[in-house]
Amino acid sequence: MKLNLQFFANGEAAGHEQPVPQGQDAEPQAAENTQENGQQDVKPGEGKPLDLVALLKSDKAFQGQVDQHVAKAINTALTNAREKWEKEKGMSAEELAAQATQEREDALAQREQDIQTREMRVAALAMLSDKGLPVALVESISLADEEAMEASLEAVERAFRASVDSAVKERMKGTAPKDQGNTISTQLARMRAAAGLKD
């Protein structure tokens, strides 16, 4: 079931009609909304829904492209079904049940691996944030297991810190300031001399 989220954002769902400014008419807004079934849009100013069948009848080139894509999808589905049937044709009921069980186990293992990878990614993001490193560095961290993640995190941190240090040193390069006698001890000695005090 498709929902018109703009309908809810405008407050119309709660029975609150949006006021129409003077000099404007409410029809263009109604023309932009989708119909109740949520399948077809209305072009502003036309007042009638777009129709795929009418579009295909009017544009033969578009119809040809759609036909090619549909035919390709059908052929792919038929080929896959035929290959599966030929593979299962010589199998007994026990073999089919074992194959189905194996497929479910493989799918479950893949889902568990995906969940573990997401959890490792979240942990890596938290560690990067805790260390004050950019979270974009998570892409360069190994998420295979916890030890690999920690090792690659340390390597990335060392490399990042070294890069930042070298960039800071490069920017800070320059000549040392010349001593113009403005050190604290020099200024203190001048003040004592001006006040007539001995060192």
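**Contacts, fold and two local features of an all-helical model**

In the protein chain, 21% of the contacts with a separation of 6 or more join residues 24 or more positions apart. The model is a predicted one. Its protein chain holds 7 helices and 0 strands. Read from the N terminus, the order of elements is α-α-α-α-α-α-α.

Burial and surface were assessed over the whole protein chain. Of its 199 residues, 11% are buried. The exposed surface comes to about 16600 Å². Carbon and sulfur atoms supply 55% of that area.

One buried position was examined in helix α6, which spans residues 146-172. This helix contains E157. The relative accessible area of E157 is 18%. E157 therefore counts as buried, since the cut-off is under 20%. Leaving aside residues up to four places away in sequence, E157 touches K131 and L133.

Helix α7 covers residues 184-195, 12 residues in total. From its first C-alpha to its last, α7 reaches 16 Å. That span is close to the 16 Å expected at 1.5 Å a residue. The number of buried residues among the 12 of α7 is 0, so the helix lies largely in the open. G196 follows α7. The phi of G196 is positive, near 85°.

The two helices thus supply separate local views of the chain. In α6, E157 is buried. In α7, the number of buried residues is 0.

Key:
Residues are numbered from 1 along each chain as its sequence is written. This is a predicted model: local features need pLDDT of at least 70, side-chain atom pairs count only at pLDDT 80 or more; totals for chains, interfaces and linings use all residues. Side-chain values use heavy atoms; hydrogens and water are left out. Helices (H or I, at least four residues) and strands (E, at least two) are DSSP runs, numbered from the N terminus. The expected span of a helix is 1.5 Å times one less than its number of residues. Buried means under 20% relative accessible area, exposed over 50%, partly exposed in between (1.4 Å probe, protein chains only). Contact means heavy atoms within 4.5 Å. Accessible areas come from the Shrake-Rupley method with a 1.4 Å probe; for residues, only the protein chains shown count as cover.
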